[in-house]
Amino acid sequence: MDIHKLELQGIGTYTGKVELDFDKINLALVKGKNGSGKSWLFDGLVWTLYDETIRGFKKDEVINEAIKEGIGRLYCTDDKGNLISVTRTRKPNKILVDLRINGEDKSGSTTIPNIFGMNYTLFKNSCMFGQNDLLDFAEATDKQRKDIIGYLLGFNELDNWLLVVRKAKSAV
């Protein structure tokens with residue numbers, strides 16, 4: 001996944017719109033005082049994709065209390081070159097997700113894990129490493145560790161291929 005832009009509004013400590021254009025950033029240092037919103041950039045990214053946060057906030061705790069509505073928008077390109085936009089809007093007790101691939105609305109026909117090939121746990125353990133996450137992998141179940149390592153090393157593709165071969169053999 002190649003991230004192009006992240007927009008957040010009403011998420012965590014942000015009341016106004018925050019926009020990060022990653023196409024203009026080669027390397028970034030996120031620096032600021034405690035409580036200035038550094039971690040919310042990462043939580044906002046993960047929340048937009050998975051409706052979860054790295055720090056484990058409850059779903060309604062993501063919304064800034066002064067705004068009462070949270071919006072996260074992510075523009076990225078997948079491994080196949082498809083332009084993907086994900087917009088997650090959360091109001092108290094209501095959530096809307098708009099998912100588009102190359103401009104075509106896919107909101108009802110697929111999910112984030114299907115598009116990127118990883119669920120929240122896999123994303124968190126392979127792409128993001130939050131504060132206090134040191135023991136997550138060590139304390140994971142055998143299956144969770146197998147899924148993470150399998151994804152990182154490409155074993156999941158091999159498992160899928162073997163499944164196809166087995167089905168073809170049993171059909172003969």
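The following legends describe an overview and several close-up views of a predicted model.

In this predicted model, local features need pLDDT of at least 70 and side-chain atom pairs count only at pLDDT 80 or more, while totals for chains, interfaces and linings use all residues. Residues are numbered from 1 along each chain as its sequence is written, and side-chain values use heavy atoms, with hydrogens and water left out.

**Figure 1. Overview of the chain, with five helices and six strands.** Helices (H or I, at least four residues) and strands (E, at least two) are DSSP runs numbered from the N terminus. Along the sequence, these elements follow the pattern β-β-α-β-β-β-β-α-α-α-α. Along the principal axes, the C-alpha atoms fill a box of roughly 65 × 40 × 35 Å. Of the 172 residues, 33% are buried; buried denotes under 20% relative accessible area, exposed over 50%, and partly exposed the range in between (1.4 Å probe, protein chains only). The accessible surface is about 11100 Å², and carbon and sulfur atoms account for 53% of this area. Accessible areas were computed by the Shrake-Rupley method with a 1.4 Å probe, and for residues only the protein chains shown count as cover. Where contacts (heavy atoms within 4.5 Å) link residues at least 6 apart in sequence, 49% of them join residues at least 24 apart.

**Figure 2. The open sheet, with strands in the order 2-1-3-4-5-6.** The six strands pair in the antiparallel sense. At the edges lie strand 2 (18-21) and strand 6, each of which pairs on one side only. Two strands are taken to pair if DSSP finds at least two bridges between them. In general, strands of a sheet pair through backbone hydrogen bonds, either parallel or antiparallel.

**Figure 3. Strand 3 between its neighbours, strand 1 and strand 4.** Strand 1 (residues 2-9) and strand 3 (residues 70-77) run antiparallel and are joined by seven bridges. In this pairing, Ile71 of strand 3 lies opposite Gln9. Strand 3 is also joined to strand 4 by eight bridges, again antiparallel, with Gly70 opposite Arg90 of strand 4. The hairpin of strand 3 and strand 4 has five residues between the strands, and Gly81 in the turn shows a positive phi of about 90 degrees.

**Figure 4. Strand 4 and its pairing with strand 5.** Seven of the nine residues of strand 4 are buried, so this strand is largely enclosed by the rest of the structure. Eight bridges connect strand 4 (residues 83-91) with strand 5 in the antiparallel sense. The bridge partners include Ile84 with Ile101 and Lys91 with Lys94. Two residues separate the strands of this hairpin, and Asn93 in the turn has a positive phi of about 65 degrees.

**Figure 5. The hairpin of strand 5 and strand 6.** Strand 6 (residues 104-105) runs antiparallel to strand 5 and is joined to it by two bridges. In one bridge, Ile101 is partnered by Glu104 of strand 6. Two residues lie between the strands, and Asn102 takes a positive phi near 50 degrees.

**Figure 6. Surroundings of Val97 in strand 5.** Strand 5 spans residues 94-101. Val97 counts as partly exposed because its relative accessibility is 39%. Leaving aside residues up to four places away in sequence, Val97 touches Thr87, Arg88 and Ser107. Lys146 lies 49 residues from Val97 in sequence, and their C-alpha atoms are 30 Å apart in space. In a regular strand, side chains alternate between the two faces of the sheet.

**Figure 7. Helix 1, comprising residues 38-50.** Helix 1 has 13 residues and reaches 19 Å from its first C-alpha to its last, close to the 18 Å expected at 1.5 Å a residue. The expected span is 1.5 Å times one less than the number of residues. Because 10 of the 13 residues are buried, helix 1 is largely enclosed by the rest of the structure. Among the buried residues of helix 1 are Trp40, Leu41, Asp43, Trp47 and Tyr50. Asp51 follows helix 1 and has a positive phi, near 60 degrees.
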